[in-house]
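User: Hi! I'm new to this one and would like a friendly walk through it. Could you show it to me first?

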Amino acid sequence: MNTPANLRYAKSDEWYDPASGAVGISDYAQSQLSDIVFVEILVETGDSVEAGKPIASVESVKASAEIYAPASGKVSAVNKAVTEKPESINTDPYGAAWMIKIEGGRAGETLDAAAYTKHCDERSH
């Protein structure tokens, strides 16, 4: 499982990059969902988001899932490319598959990489 140390992670499997404001779903989440076939981003540039509130939904061949904001702030960018190529979440969850960017973000209840890895390991057993 890939968990970059520079990111913050929500227990609901979203990641947040405090440096760039980017938000997406974790490698663990995409591996649990399997082949992602559809992404809908529910917010637009300029919207305010609140940590813990829905910002997107994804569907895979196995299940669908709500994606929640791991930070509060103003949406500064929406990645339309991920809605056109949802499978990019499976191959590059921390790169090309970011969903939104939050300006002036304040992280909600998030974990560092080590704590998030432990959280995922506990759920796997």
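**A chat about the structure**

Analyst: Happy to. On the surface, Val-37, Phe-38 and Val-61 make up a nonpolar patch, and together they have about 270 Å² of accessible area. Patches consist of residues with over 30% relative accessible area and no salt bridge, where like charges are joined within 9 Å and nonpolar side chains (Val, Leu, Ile, Met, Phe, Trp, Tyr) within 5 Å. The areas come from the Shrake-Rupley method with a 1.4 Å probe, and for residues only the protein chains shown count as cover.

User: What kind of model is this, and how are residues numbered?

Analyst: This is a predicted model: local features need pLDDT of at least 70, side-chain atom pairs count only at pLDDT 80 or more, and totals for chains, interfaces and linings use all residues. Residues are numbered from 1 along each chain as its sequence is written, and side-chain values use heavy atoms, with hydrogens and water left out.

User: Thanks. Back to the patch: where is Val-61 found?

Analyst: Val-61 is in the loop between β6 (54-60) and β7 (64-68). Helices (H or I, at least four residues) and strands (E, at least two) are DSSP runs, numbered from the N terminus.

User: And is Val-61 buried or exposed?

Analyst: Val-61 is exposed, because its relative accessible area is 58%. The cut-offs are under 20% for buried and over 50% for exposed, with partly exposed in between (1.4 Å probe, protein chains only).

User: New topic. How many salt bridges does the structure hold?

Analyst: There are 2 salt bridges. The term stands for a side-chain nitrogen of Lys or Arg within 4 Å of a carboxyl oxygen of Asp or Glu. Asp-13 pairs with Arg-123, and their closest N and O atoms are 2.6 Å apart. Asp-13 is in the loop between β1 (8-10) and β2 (14-16) while Arg-123 is in helix α4 (residues 113-124), so this pair ties together parts that are 110 residues apart in sequence.

User: Which salt bridge does Lys-118 form?

Analyst: Lys-118 bridges to Glu-122, with the closest N and O atoms 3.9 Å apart. Both Lys-118 and Glu-122 lie in helix α4, 4 residues apart, or about one turn of the helix. Lys-118 is exposed, since its relative accessible area is 54%.

User: Going back to Asp-13, is it buried or exposed?

Analyst: Asp-13 counts as buried because its relative accessible area is 11%. Its partner Arg-123 is partly exposed, at 35%. The phi of Asp-13 is near 80°, a positive value in a residue other than glycine.

User: Which way does phi usually go?

Analyst: Most residues other than glycine have a negative phi. Ser-34 also has a positive phi, of about 80°, although it is not a glycine. Ser-34 sits in the loop between α1 (27-33) and β4 (36-41), and its relative accessible area of 22% makes it partly exposed.

User: Any aromatics? How many pairs does the structure hold?

Analyst: It holds 3 aromatic pairs. Rings of Phe, Tyr and Trp (its six-membered ring) pair if their centres lie within 6.5 Å, and planes under 30 degrees apart count as stacked, over 60 as edge-to-face and the rest as tilted. For Tyr-9 and Tyr-94 the ring centres are 6.5 Å apart and the planes are at 90°, so that pair is edge-to-face. Tyr-9 belongs to strand β1 and Tyr-94 to the loop between α3 (88-91) and β9 (100-107), so the pair ties together parts 85 residues apart in sequence. Both Tyr-9 and Tyr-94 are buried. Trp-15 and Tyr-94 have ring centres 5.7 Å apart and planes at 55°, so they are tilted.

User: Which residues form the aromatic cluster?

Analyst: Tyr-9, Trp-15, Tyr-94 and Tyr-116 form one cluster. Within it, Trp-15 counts as buried because its relative accessibility is 2%.

User: What sits over the ring of Trp-98?

Analyst: That would be the charged end of Lys-101, 4.8 Å from the ring centre. Such a charge has NZ of Lys or CZ of Arg within 6 Å of the ring centre and within 35 degrees of the ring normal.

User: One last thing: where is Ala-56, and what is it in contact with?

Analyst: Ala-56 is in strand β6, and at 1% relative accessibility it counts as buried. Leaving aside neighbours within four places in sequence, Ala-56 is in contact (heavy atoms within 4.5 Å) with residues including Glu-40, Leu-42, Ile-67 and Met-99.
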